[in-house]
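Hi,

Here is the structure I said I would pass on. Have a look at it first, and my notes follow below.

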Amino acid sequence: MAPRKNFRNQAKKEVKPAAVVNKNGVKAEATVAASGGGFSSTKIFTWFMVLALLGVWSSVAVVWFDLVDYDNVIERAKEFRFNFSEVLQGKLSAYDADGDGDFDVEDAKVLLGLKERPVSVLLREAKEESAVKEPDAVPTPPDDDVDGSQNTDVESEIQAAVPLPLISDGFIPEDENDAIDMKGELVEKAQPQQTVEESKQYNDQPGSLKTKETVQLRYNAEAESVPEPEADVESVLEPEADVEPEVESVPELEAEFVPELKENAEEQPKDKLKEKAKKKKPKLLNKFEKTIKTEIDAAEKLRKKGKVEEAVRAFETLVLQYPQSPRCRYGKALAEDGLAEKMLSNDMLQKAIGTYKEASELPNATPDLIKATLKKRAERQQFLGRMRGALATLEKLVQIFPEDVALKNDLGVAHLLIGDNKSAKRVYEEVLATAPSDGFAKVHYGFILKSENKIAESIPFLRDGLESGDPGTDDGRFYFHLGDALQRMGDDSAYKWYERGHQRGHFASVWQRSLYNVDGLKAQPWWMPKDTGYMDLVKTLERNWRIIRDEAQSVMDKTTGLFVPEEENLREKGEWGQFTLWQQGKKAGESCRSVPKTCGLLERFPEAIGCKRGQIKFSVMQPGTHVWPHTGPTNCRLRMHLGLVIPKTGCKIRCTNDTRAWEEGKVLIFDDSFEHEVWQDADSYRLIFIVDVWHPELTQYQRQTLSPI
């Protein structure tokens with residue numbers, strides 16, 4: 001059998017010179033060139049074919065076995081602006097990714113994402129970039145630039161740390177003692193049902209949030225919007241655009257109730273704006289740190305660009321090189337803070353809180369850096385719900401900077417957040433003694449006075465504080481309490497402040513003044529049962545009203561202790577008792593054992609017993625009782641009143657300017673986020689059954705994710 005022919009054998013086979021016939025007709029071997037050998041045209045063609053076919057099969061193998069991720073290569077090439085013309089010209093040093101001066105396998109690994117870029121290279125690039133000036137840029141005086149007074153990035157960190165009390169996502173106590181202490185000291189007892197805030201904190205699973213609910217102060221109240229995932233989308237999407245609530249059938253206020261408003265708080269005098277412009281920039285660098293400012297700026301630039309992982313590594317390198325540098329450690333804390341936000345990690349945020357503390361305690365830290373660092377630390381402690389830790393941090397700040405009024409104001413808020421109204425009051429009295437026109441201190445001091453039921457005394461502080469337009473005063477809680485105080489004093493100018501609060505975006509309308517809202521829900525004071533979608537529940541209540549009444553009357557005796565006096569400071573006069581069966585979507589202790597039939601009727605209605613923002617309770621009101629005009633805490637629920645024992649005359653309820661009366665065995669439905677008021681001027685008690693239900697337009701997702709109230 002003839003041997004198998006292939007290119008490898010052909011290449012190895014010795015080629016014998018062909019015999020030729022000379023002119024004499026004698027065969028002779030072909031002569032070889034004197035140089036010792038040569039290639040015929042046949043040999044050249046053969047080698048060309050060998051190389052060509054090797055190249056073809058190599059390409060086929062690469063593609064067939066997917067040896068190279070071409071998409072990744074192309075993306076990396078785009079990212080680093082890979083210039084193939086330069087590659088062909090041999091100019092590969094421009095793509096030196098690992099800083100060793102040439103382009104090699106290690107550089108290719110970096111370009112393909114198989115290896116991280118060294119910190120030294122990142123710092124070098126950041127320095128080079130920061131060294132490039134814009135053509136029309138005005139040079140900065142060297143002294144100011146060195147000490148940080150012209151460092152706008154650093155200034156923004158100071159400003160970001162200032163508005164301590166108003167953290168939009170709320171605060172979550174992780175310490176049980178904090179949760180207990182916050183249960184009712186700050187809030188005026190008028191509406192404790194408004195004392196819960198939906199709060200969020202990071203958890204340690206990237207891409208997710210952990211939600212905690214806790215009994216909170218109404219001081220923390222703010223509007224909320226709950227996003228719902230669209231169909232076939234697993235992740236939670238961003239909230240939809242705000243939709244102005246539609247208010248139907250709400251009569252307009254008379255003109256005399258809505259006086260012309262003063263100029264907006266934002267329209268501040270020019271002198272104040274000039275004062276702000278003249279504010280000194282913070283000096284964060286000490287004498288030594290001015291010599292390494294270029295390195296600090298390079299790491300800071302990474303953080304400002306959102307490259308937080310690289311920034312953390314860069315600052316860690318600087319901290320190792322300069323362990324006594326407060327500014328390097330502060331930069332590390334800021335980078336860790338940013339990384340915690342990106343990772344949604346409580347552990348990383350706690351690490352940042354510790355690094356802030358380290359930075360503030362290093363020797364040679366400038367006063368401005370100490371202030372910025374401890375403010376940021378307190379803010380993040382509050383975000384995690386570590387209220388007592390934040391209080392201790394702010395107390396330290398006030399000790400170091402006793403003349404700083406803003407820090408004292410923040411300290412007052414910290415006391416309020418743990419329910420220590422007395423200490424907060426003392427702080428604001430000190431502030432007003434030295435800065436009598438401070439609007440922030442005024443509104444908070446007025447808030448505390450009103451919580452002490454010193455209605456008349458609270459009004460001037462709340463009003464003057466709001467009129468000041470100072471930062472931190474434009475808050476729905478202060479408009480709410482000022483208007484409420486004026487109403488209780490019989491002053492119709494209350495509606496001026498409600499209107500102003502509405503114009504400032506704090507209230508859905510002059511009438512609808514709830515503070516925990518979901519945007520876009522249908523808003524009307526009175527509802528027909530058929531419009532709620534809860535007809536089955538309404539019919540069940542009305543068919544069984546006598547059973548419900550009899551069970552309520554069997555436990556009304558004061559000796560049972562089940563009916564407790566209303567403790568929300570809503571009464572002007574009289575007696576008003578309540579017996580709660582469900583609260584915040586959970587049964588209230590063993591209460592259902594006393595009225596098992598009533599509870600049994602409700603068990604199959606999740607819109608009622610699962611309403612985390614409502615209650616189910618009996619309400620008995622004695623003759624001579626008047627309940628002040630007030631609003632509920634949220635627009636997320638509707639309130640049903642089932643008449644059980646209703647006197648012939650003298651009992652009525654007003655919602656907005658529409659007044660109605662109860663009937664035995666009939667259900668009234670209204671939205672208690674609208675202003676309502678109650679009179680009991682009959683000769684005998686009035687007994688009703690109150691059932692709160694979810695607003696019918698809330699989705700199932702929203703009902704599951706909204707926090708309890």
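To get your bearings, in which helix does S451 lie? S451 belongs to helix 19. Keep in mind that this is a predicted model, so every value here is computed from predicted coordinates. Is S451 buried or exposed? S451 has a relative accessible area of 17%, and because buried means under 20%, S451 counts as buried. You can also use S451 to find H481: the two are 30 residues apart in sequence, and their C-alpha atoms are 9.4 Å apart in space.

Just past that helix comes an odd backbone angle. N453 sits in the loop between helix 19 (439-451) and helix 20 (455-468). Its phi is positive, about 65°, although N453 is not a glycine. As a reminder, most residues other than glycine have a negative phi. N453 is partly exposed, with a relative accessibility of 44%.

T656 is another such case, with a positive phi near 55° in a residue other than glycine. Look for T656 in the loop between strand 13 (651-655) and strand 14 (658-660). Here the surroundings are another matter: T656 is buried, at 1% relative accessibility.

That loop leads us to the sheet. Strand 13 and strand 14 pair in the antiparallel sense, over three bridges. One residue pair to look up is R654 with its bridge partner T659, which is in strand 14. Both strands are part of an open sheet of five strands with antiparallel pairing, in the order 7-11-16-13-14. Which strands stand at the edges? They are strand 7 (571-573) and strand 14; each has a single partner strand, so one side of each is left without a neighbour in the sheet. On average, neighbouring strands of this sheet are turned by 20° against each other, direction ignored.

Now for the nonpolar cores. The largest has 42 residues, and the members that touch the most others are L537, L541, F618, M640 and F689. Take L541 as a starting point: leaving aside residues up to four places away in sequence, L541 touches I548, L602, M640, L642, V667, F689 and V691. Another core, of 40 residues, lies apart from that one, and its members include Y479, W497, I646 and I709. As background, nonpolar side chains tend to be buried together in soluble globular proteins.

One more helix to look at is helix 11 (residues 293-304). Its twelve residues reach 16 Å from the first C-alpha to the last, close to the 16 Å expected at 1.5 Å a residue. Which residues of helix 11 are buried? They are K293, E295, I296, A298, A299, E300, L302 and R303, so you will find charged side chains' names on that list too if you scan for K293, E295, E300 and R303. After helix 11 comes G306, with a positive phi near 85°.

Finally, the overall picture. The chain has 28 helices and 17 strands. Of its 709 residues, 47% count as buried. The accessible surface of the chain is about 36,700 Å², and carbon and sulfur atoms account for 52% of that. Among contacts with a separation of 6 or more, 71% are between residues 24 or more positions apart.

Cheers

Methods. Residues numbered from 1 in each chain as written. Predicted model: local features only at pLDDT ≥ 70, side-chain atom pairs only at ≥ 80, totals over all residues. Heavy atoms only, no water. Core = buried A, V, L, I, M, F, W, Y, C linked by side-chain atoms within 4.5 Å. Buried < 20%, exposed > 50% of the residue type's maximum accessible area, 1.4 Å probe, protein only. Contact = heavy atoms within 4.5 Å. Helix = DSSP H or I, 4+ residues; strand = E, 2+ residues; numbered from the N terminus. Expected span 1.5 Å × (residues − 1). Areas by Shrake-Rupley, 256 points an atom, 1.4 Å probe, with all protein chains shown as cover. Pairing = 2+ DSSP bridges. Axes fitted to C-alpha atoms, helices over the stretch in contact; angles between N-to-C directions.
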